[in-house]
Amino acid sequence: MRRERARYLPAVLAAALVLPVSACSSGENDRCAEAFAEAATSVAGVVSAEWECSDNFGGGWQRGDVVVSATTEDEAVEVMDGVLRSIAAAGDLEDSWATPQQYSNEDGSIVVGANDLGFNGPPTVGEVREHYGVTPG
């Protein structure tokens with residue numbers, strides 16, 4: 001009987017360690033998605049903003065889908081600029097988290113990206129803060 005228990009002990013210990021960490025990661029993912037969406041939707045011209053965040057043992061990722069109301073590329077860039085400034089000012093977003101790759105209008109006919117604002121690809125929150133000289137708080 002003791003040998004049977006000993007055989008299952010490693011699996012039980014692993015489950016005891018992984019379950020609390022998984023629960024924390026799920027909460028962190030929700031916090032990340034909600035914080036990004038809140039920052040984005042506070043900007044005039046944002047129709048919708050949805051995020052998926054995943055925080056895993058080896059790292060994580062953040063994916064955002066931001067839809068803007070714009071009839072020209074210049075209008076879309078202006079809204080994107082507002083979204084990035086709002087993200088920079090949000091104190092609950094971590095510097096290492098990624099911002100969206102692109103922003104589009106409702107019918108998808110206009111698509112802009114952070115390179116339109118002088119970034120070299122999608123920036124991290126920290127890079128956006130540095131670019132705009134924003135310290136959250």
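**Entry 1. Starting point**

I took a salt bridge to be a side-chain nitrogen of Lys or Arg within 4 Å of a carboxyl oxygen of Asp or Glu. I note at the outset that the model is predicted. With that definition I looked up Arg129 and found a salt bridge to Asp95, with the closest N and O atoms 2.5 Å apart. The pair joins distant parts of the chain, since Arg129 sits in helix 3 and Asp95 in the loop between helix 2 and strand 3, 34 residues apart. I then checked the cover of each partner. Arg129 is buried, because its relative accessibility of 7% is under the 20% limit. Asp95, in contrast, is partly exposed at 46%.

**Entry 2. The chain as a whole**

I next listed the elements of the chain and recorded three helices and four strands. Read from the N terminus, their order is α-β-β-α-β-β-α. The chain has 137 residues, and buried residues make up 36% of them.

**Entry 3. Further salt bridges**

How many salt bridges does a search of the whole structure find? I recorded four. One of these pairs Glu94 with Arg31, with 3.1 Å between the closest N and O atoms. This pair also links distant parts of the chain: Glu94 belongs to the loop between helix 2 and strand 3, Arg31 belongs to helix 1, and 63 residues separate them in sequence. Both partners are partly exposed, Glu94 with a relative accessibility of 34% and Arg31 with 32%. I noted further that Glu28, Arg31 and Glu94 are linked in a network of salt bridges.

I then turned to Arg85 and Asp81, whose side chains meet in a salt bridge at 3.0 Å, N to O. Here both residues lie in helix 2, four residues apart, which is about one turn of the helix. Arg85 is partly exposed, with a relative accessibility of 43%.

**Entry 4. Aromatic pairs**

I searched the whole structure for aromatic pairs and recorded three. Among them is the pair of Phe36 and Trp97, which is tilted, with 6.0 Å centre to centre and 40° between the planes. Why does this pair tie together parts that are 61 residues apart in sequence? The reason is that Phe36 lies in helix 1 (residues 2–41), whereas Trp97 lies in the loop between helix 2 and strand 3 (103–105). I asked next whether Phe36 is buried or exposed. Phe36 is buried, with a relative accessible area of 0%, and Trp97 also counts as buried, at 7%. Together with Trp51, Phe36 and Trp97 form one aromatic cluster.

**Entry 5. A charged patch**

Which residues form a negative surface patch? I listed Glu73, Asp74, Glu75, Glu78 and Asp116. I looked up Glu73 in particular and placed it in helix 2 (residues 73–89). Glu73 is partly exposed, with a relative accessible area of 45%.

**Entry 6. Two asparagines**

I located Asn115 in the loop between strand 4 (111–112) and helix 3 (125–132). Asn115 counts as exposed, because its relative accessibility of 52% is over the 50% limit. From Asn115 to Gln101 I noted 9.4 Å, C-alpha to C-alpha, for residues 14 apart in sequence.

Asn56 has its place in strand 1 (residues 46–56). Its relative accessible area of 45% makes Asn56 partly exposed. Asn56 and Asn29 are 27 residues apart along the chain, and I recorded 9.6 Å between their C-alpha atoms.

Methods:
Residues numbered from 1 in each chain as written. Predicted model: local features only at pLDDT ≥ 70, side-chain atom pairs only at ≥ 80, totals over all residues. Heavy atoms only, no water. Patch = residues over 30% accessible without salt bridge, like charges linked within 9 Å, V, L, I, M, F, W, Y side chains within 5 Å. Areas by Shrake-Rupley, 256 points an atom, 1.4 Å probe, with all protein chains shown as cover. Lys, Arg positive; Asp, Glu negative; His and termini not counted. Charge placed at Lys NZ, Arg CZ, Asp CG, Glu CD. Buried < 20%, exposed > 50% of the residue type's maximum accessible area, 1.4 Å probe, protein only. Phe/Tyr/Trp six-rings, centres within 6.5 Å; stacked < 30°, edge-to-face > 60°.
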